[in-house]
Structure formats: C-alpha cells, structure tokens
Amino acid sequence: METSRACFLALSAVIAAATLSGCGRGSDSPVKVTYRQVGICKGFETGSGPMMAKADEGYAFFKFETIENPSSKAFVFDPKLLFVDQSTPEQKAGQVWEWNRRYSSTDSRFKQLGISLAPETTIPAGGKADINAFVVIPLGIDNPSKGPDADKFAFEVVYDSMNSENTASGQIRISEGMIFNKTNASQKDWTVVEDCKDVNFK
C-alpha cells in the first residue's frame, strides 16, 4: 500500500472509532477468523521475470481458513484491509500517521506459485465461510517494530475496520471486537527462504 494511502487510512481510524460505535454491531457477536502463518520468502521467478521483495523486506504468506459471522447482518470480508502492524513503541505513542502498517498485496503474480489469493467474500448473518486461500503481506524482516528477536518473524494479522461502511443492502464491513485465531501462534522459529517456490503451502 502506498504511504499516502496508508496514512489516509490510519487517520481515518480515529474518525471511524468515534463515528461507527453506534452502527448496530455489538462486541458480543464478533466475527471469528481462523488463519495460520505459512512462510516468508524473498522472491521467485515469474512468467515475466523475477519478482523480488525489497532488500529489507520479505513476502509473508498466511492461509485464511474459515470466517464465522454470528452477527445478525451479513459481513463483507475484504482481504485488502488485512495488515500487520510493525510500528515501534515510539510510533504507536505518536501521531496515527506515523504508524508502520503493512497491508496485503493484490499482485496476481503470486498465483504463479500455484496458490489462490483470498477473494472478497460476503458471509451471511449467522453463516460460516471456508476461505482456504492465501494472503500475502510484504513485511520488514529487519525487526522494524523493535520487538524480541526471537519473535521477529512470527506475525499477527489485523483487520482494518477504518474503511468500514454500512451499505444499503444491510451488509457491514466493520467488526467491533473481531477475533483472530492463529492456529500456529506457538511457532516462533520462522526463517526467510530465498525462493518462494520452496515455501510449503500445504
């Protein structure tokens, strides 16, 4: 995501928090997302040439498995709103536009790895969707958040509800208190592989 867009969305979070609290979605019925981290790599050869991450970045792959929506309204899951927060404590203590949020990529070349990218999906009220598709997020691999080195490659995904909206059809894009269940959260010993084709996507 371009810096200008990230800053705009981040600034919108403050407005969203203030204005969306009364949108009719209570925290007693949060959307539940199950996913797992799959791997991190530097690049791969595509049909149009090599695709490489920046020198201080890597491509982190996450497989989204299921989404449960116990709400009384349909929920629109938009993968473009998924991000990993790599802000330092100092950035988080400062202005919202200084935060370091890394958003998911929509580059279709990742499909050349033989994977499906998670699509925008509407989960009906009280429904459950089997996603079984991937989200790719270009992330800093030099520990930009300044957290423990042992955890620097174990990433937690967050959903950005600042772009949320209620549509005329009654669908919602906001989930107050969304619950993310990372099924392999206990794994910390991730390594960055050079070729993305060596990542085990099973």
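**Exercise 1. Burial and fold**

Task: Find what share of the chain's residues is buried in this predicted model, then work out how many helices and strands the chain has.

Solution:
- Step 1. Begin with the chain, which has 202 residues. Buried residues make up 49% of them.
- Step 2. Next, go through the secondary structure, which comes to 2 helices and 11 strands.
- Step 3. Finally, put these elements in sequence order. The pattern reads α-β-β-β-β-β-α-β-β-β-β-β-β.

**Exercise 2. The disulfide**

Task: Search the whole structure for disulfides, and say which cysteines pair up and which parts of the chain they tie together.

Solution:
- Step 1. Recall the chemistry: a disulfide is a covalent bond between the sulfur atoms of two cysteines.
- Step 2. The search of the whole structure gives 1 disulfide. Its partners are Cys41 and Cys196, with sulfur atoms 2.0 Å apart. That distance passes the cut-off, since a disulfide needs sulfur atoms within 2.5 Å.
- Step 3. Now place the two ends. Cys41 sits in strand β1 (residues 32-46) and Cys196 in the segment after β11, so the bond ties together parts that lie 155 residues apart in sequence.
- Step 4. Look at the handedness. The torsion about the S-S bond of Cys41 and Cys196 is about 90°, so this disulfide is right-handed.
- Step 5. Check the accessibility of each partner. Cys41 has 0% relative accessibility and therefore counts as buried. Cys196 is also at 0%, so Cys196 is buried.

**Exercise 3. Salt bridges**

Task: Count the salt bridges in the structure, then take three pairs, those of Arg102, Lys80 and Arg109, and decide whether each partner is buried or partly exposed.

Solution:
- Step 1. The count is 4 salt bridges.
- Step 2. Take Arg102, whose side chain meets that of Glu57 at 3.0 Å, N to O. This pair links distant parts of the chain: Arg102 is in strand β6 (residues 101-103) and Glu57 in strand β3 (residues 57-69), 45 residues apart. Buried means under 20% relative accessible area. Arg102, at 16%, therefore counts as buried, and so does Glu57, at 13%.
- Step 3. Turn to Lys80, which forms a salt bridge with Asp78 at 3.1 Å, N to O. With a relative accessible area of 33%, Lys80 is partly exposed. Asp78, by contrast, is buried, at 7%.
- Step 4. Finish with Arg109 and Asp107, whose side chains meet at 2.8 Å, N to O. Arg109 is partly exposed at 30%, and Asp107 is partly exposed at 22%.

**Exercise 4. A charged patch and a phenylalanine**

Task: Name the residues of the negative surface patch that includes Glu194, then describe where Phe201 lies relative to Phe62.

Solution:
- Step 1. The patch is formed by Glu45, Glu194, Asp195 and Asp198.
- Step 2. Pick out Glu194, which belongs to strand β11 (residues 192-195). Exposed means over 50% relative accessible area. Glu194 has 59%, so Glu194 counts as exposed.
- Step 3. Move on to Phe201, in the segment after β11. At 15% relative accessibility, Phe201 counts as buried.
- Step 4. Compare sequence with space: Phe201 and Phe62 are 139 residues apart along the chain, while their C-alpha atoms are 9.3 Å apart.

Terms used
Residues are numbered from 1 along each chain as its sequence is written. This is a predicted model: local features need pLDDT of at least 70, side-chain atom pairs count only at pLDDT 80 or more; totals for chains, interfaces and linings use all residues. Side-chain values use heavy atoms; hydrogens and water are left out. Patches are made of residues with over 30% relative accessible area and no salt bridge: like charges are joined within 9 Å, nonpolar side chains (Val, Leu, Ile, Met, Phe, Trp, Tyr) within 5 Å. Accessible areas come from the Shrake-Rupley method with a 1.4 Å probe; for residues, only the protein chains shown count as cover. Lys and Arg count as positive and Asp and Glu as negative; His and the chain ends are not counted. The place of a charge is taken as NZ of Lys, CZ of Arg, CG of Asp or CD of Glu. Helices (H or I, at least four residues) and strands (E, at least two) are DSSP runs, numbered from the N terminus. Buried means under 20% relative accessible area, exposed over 50%, partly exposed in between (1.4 Å probe, protein chains only).
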